[in-house]
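Good morning, colleagues. I should like to use these few minutes to discuss how the parts of one protein chain meet. Please look at the sequence and the structure as I bring them up.

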Amino acid sequence: MAPVFLKSITKAYGAFEAIHDIDLEIEDGAFVVLVGPSGCGKSTLLRMIAGLETISRGEVLIDGEVMNDVPPKHRDIAMVFQNYALYPHMTVAENMGFALRLAKVPAAEAAEKIRTSAAVLGLTDLLDRYPRQLSGGQRQRVAMGRAIVRNPKVFLFDEPLSNLDAALRMQMRVEIAELHQKLGTTMIYVTHDQVEAMTLATKIAVVNKGRLEQVASPVRLYERPQNLFVARFIGSPQMNILPARAADGGGAARLLDGSRIALPWPLPLGEDGELSVGIRPEALLIADDGALGGRVTLAEHLGGLTLVHIALTDGAPVVLQAVGAPTVAVGDLVRLRVDPAGLHLFDPDGRRIAKPGES
């Protein structure tokens with residue numbers, strides 16, 4: 001196990017900077033997820049930690065040692081890729097032990113490492129099989145086993161579940177989380193799937209256009225997004241964002257259609273100041289006394305939950321998340337009440353307007 005520190009990391013390709021001056025502290029034993037849209041630079045950042053990309057400026061430290069000029073094989077890390085990269089002519093045991101053989105680890109010691117890792121991953125009965133005889137989830141376990149046998153200081157995962165179907169992704173998320181609990185090793189995981197990030201991480205770093213937007217625990221990111229990008233990106237379905245203006249001396253937000261949402265705390269904006277109102281889908285409730293009105297355009301029944309799509313009177317779309325099957329149909333006119341607990345406010349620059357006493 002080891003802490004990882006990124007100090008003012010920058011990656012430039014000529015005049016273009018893909019990564020901009022990133023500082024990130026990853027504590028010993030933490031599970032940190034780098035999440036963001038495709039092309040935001042998260043995989044580039046991971047590859048710089050691994051030594052597969054050169055660093056234009058800044059430093060990468062693993063266990064207190066600067067790694068900028070240390071070759072990947074000497075960084076004491078193990079990487080699991082989206083592509084399993086298993087040797088088709090080798091058995092599961094041979095694939096898992098390949099790195100140990102290259103390192104000239106004694107046969108008995110290597111066999112014990114393989115046996116122990118296979119037991120952790122549920123691969124004991126598959127050690128004599130070849131990759132072609134395995135399912136996608138089993139192949140991914142073998143790729144992880146190949147990393148585990150090395151007992152590295154840091155595990156790096158680059159979108160390892162992208163090739164799996166939905167059911168397998170859910171299963172593998174659970175298995176990776178349990179693996180981290182068993183091993184306690186520092187893990188850095190890259191994904192564009194915010195559900196993976198929320199369910200796996202002890203800390204999430206949200207990346208956008210090569211910059212860190214926010215670094216926090218999953219719960220804090222969800223409850224206190226620092227800007228509109230994080231607010232929209234974290235949460236499924238995503239937060240409803242409505243343009244508004246301050247009203248009633250800062251005690252309410254007036255939407256474009258004239259509707260007013262009473263606020264549980266006063267806005268630090270002048271009368272009629274611009275802002276954005278963010279409402280989590282689960283914070284919208286169908287109620288006759290609701291402040292907002294609209295027409296139902298679609299209802300998505302997801303078993304225990306239903307997502308109700310509504311066009312407000314000014315045409316703005318919102319999504320409501322309800323438990324069970326609500327008694328509304330497409331075309332119905334409804335009133336919506338806003339639960340203050342799921343209400344978020346942002347200034348004209350997209351920055352969070354903090355509640356009084358909020359740290």
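**The interface between the two domains**

In this predicted model, domain 1 and domain 2 bury about 750 Å² between them, and carbon and sulfur atoms give 57% of that area. Which residues of domain 1 supply the most? Tyr222, Leu228 and Arg232 supply 65% of the area that domain 1 buries against domain 2, more than any other three residues.

Allow me to place the domains along the chain. The domain assignment puts domain 1 at residues 4-232 and domain 2 at residues 237-346. Their C-alpha centres lie 38 Å apart. At the interface, eight residues of domain 1 are in contact with eight residues of domain 2.

I turn now to the polar side of the interface. How many salt bridges does the rule find between domain 1 and domain 2? The count is zero. The rule does find three residue pairs in polar contact across this interface, with both residues of each pair at pLDDT 80 or more. On the side of domain 1 that touches domain 2, helix 8 (218-223) and helix 9 (228-233) each supply at least two residues. The residues on that side comprise five nonpolar, one polar and two charged.

Finally, I come to the database record. In an unreviewed entry, UniProt lists residues 4-234 as "domain: ABC transporter". The span 4-234 is 36% helix and 26% strand, and its end C-alpha atoms lie 24 Å apart.

Thank you for your attention.

Note on methods
Residues are numbered from 1 along each chain as its sequence is written. This is a predicted model: local features need pLDDT of at least 70, side-chain atom pairs count only at pLDDT 80 or more; totals for chains, interfaces and linings use all residues. Side-chain values use heavy atoms; hydrogens and water are left out. Domain bounds come from an automatic or database domain assignment. Contact means heavy atoms within 4.5 Å. Buried area is the accessible area (1.4 Å probe) that two parts lose on being put together, summed over both. A salt bridge is a side-chain nitrogen of Lys or Arg within 4 Å of a carboxyl oxygen of Asp or Glu. A polar contact is a pair of N or O atoms within 3.5 Å; within protein, one must be able to donate a hydrogen and the other to accept it, and residues adjacent in sequence count only if both atoms are side-chain atoms. Helices (H or I, at least four residues) and strands (E, at least two) are DSSP runs, numbered from the N terminus. Ala, Val, Leu, Ile, Met, Phe, Trp, Tyr, Cys and Pro count as nonpolar, Asp, Glu, Lys and Arg as charged, and the others, Gly among them, as polar. UniProt positions are given in the numbering used here, feature names are shortened, and annotations may be inferred rather than shown by experiment.
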